[in-house]
Amino acid sequence: MNLHAPPRFTTEIAPPTEEGIAKAKDLLLSGQLVAVPTETVYGLAGLSEQDQTLRHIFETKGRPQTNPLIIHVHKKIRSLDDLSDSGIINQKLMSQDAFSVANQLIQLYWPGPLTLILPKGRAISSVATAGGETVAVRQSSHPIFQKLLISLDKPLAAPSANRTNRISPTSAQDVFDELGGKIPLIIDGGTCAVGLESTVIQVDANGSLIELRSGGLPTDVLLRQGFRFSKSILKSPPSENHPLLAPGQLPIHYSPEKPLLLIFPPEITPQNLKSLIEKKLSISITSKPKIATIRFHSEMVEWWEKTHSLMPQWTWINFDASILNDPLVAAKELFSLMRAADRSDADLILVERPLSKASLWPAVLDRLSRASRQ
Ligand code: TXA
Ligand code: MG
């Protein structure tokens, strides 16, 4: 018998009632893990003050111990001073510019889909930060998660409630599909409103922002608000000699099981697409594959129709009925569409590359690019 095997559970999906929240609280206080709804994606929560619980989070996700966790705080925390008083951060290690900019970000965007990377305080275990000197902190706006945090009056460590490298869950059922049997309880808070993970931001000593992960708080919103971005690290991908500032930036992530091909319709002829797909699937010209498609722009609909008509033997299954041209809806639906396409009997998922730099389109493209590098 493997003594280190995690315990197995009959996973309960509980409604977000007083009773459900009380049950979650008891489980958490006894060191167990509970999946919770947030406005971005569901989180796998555990008490951040217990090293054993933190280790259990890594184990349950199959996550390498080198990839740090986000600490979630309740809404009574309104500033860096509050975070410092709770021992979560050490503001003495921040420059005046970084301090002032980080405080502005908190005032403007918390609670919400923004995670800040700050100097770690005395109350934060190095297990949570993967041995690093910084801690990721977020204040979710989800009312159910907030109720739970307030009733505990303790911060919770919570990564996304998926198995490592897989698609983040945006519903209680998604969590069940990922972690059923591995955790005792999932609180059902409905479908996540944002649908993509939080934006992860570090503020440099000059008060410029470094975006470590694009996400629910769009870059163009921050630019319009007058925040400056540091140029040096923004575009450089992680490499062996470049420290991995956010392991979420790893090139492969959010992977469906089926091959996913990301294409830009105007730049590719239907004939080229045919050979690309045949190559990706290692099939011959005579095969008749089933293709799941996810489109984003109505301007391309004609191109798609032409493509379908050129390959009449192939089966085309569309998964994009409601998302065309709307970045907020596209972000909200993206992961569940990818899951649905992955569950279908299609051989390949073919996705149109969103082009716009506005709103949540860059974050949608970021997730798709990683998903396509299987
Ligand atoms: O929206 C979200 O952020 C969700 C919900 C549940 O809150 N959480 C989430 O957690 O996406 P996770 O663990 O899946 O992603 C956290 C990201 C990872 O890319 C991790 O590498 C990065 O934040 N991160 C955590 N601590 C860090 C640190 N100290 N420095 C740099 N990056 C850090
Ligand atoms: Mg994650």
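Buried means under 20% relative accessible area, exposed means over 50%, and partly exposed lies in between (1.4 Å probe, protein chains only). This is a predicted model: local features need pLDDT of at least 70, side-chain atom pairs count only at pLDDT 80 or more, and totals for chains, interfaces and linings use all residues. Residues are numbered from 1 along each chain as its sequence is written, chains are lettered from A and ligands numbered from 1 in the order in which they are written, and side-chain values use heavy atoms, without hydrogens and water.

Phe296 is buried at 0% relative accessibility. Its partner Trp361 is buried at 4%. Their ring centres lie 5.6 Å apart with planes at 75°, so the pair is edge-to-face. Rings of Phe, Tyr and Trp (its six-membered ring) pair if their centres lie within 6.5 Å; planes under 30 degrees apart are stacked, over 60 edge-to-face, the rest tilted. Five aromatic pairs result.

Salt bridges number 15 across the whole structure. Each needs a side-chain nitrogen of Lys or Arg within 4 Å of a carboxyl oxygen of Asp or Glu.

| Salt bridge | Closest N to O distance |
|---|---|
| Arg163 and Glu178 | 3.7 Å |
| Asp174 and Arg339 | 3.6 Å |
| Asp220 and Arg224 | 3.9 Å |

Arg163 is partly exposed at 30%, whereas Glu178 is buried at 4%. Asp174 and Arg339 are both buried. Asp220 is buried at 19%, but Arg224 is exposed at 66%. A network of salt bridges links Arg163, Arg166, Asp174, Glu178, Glu257 and Arg339.
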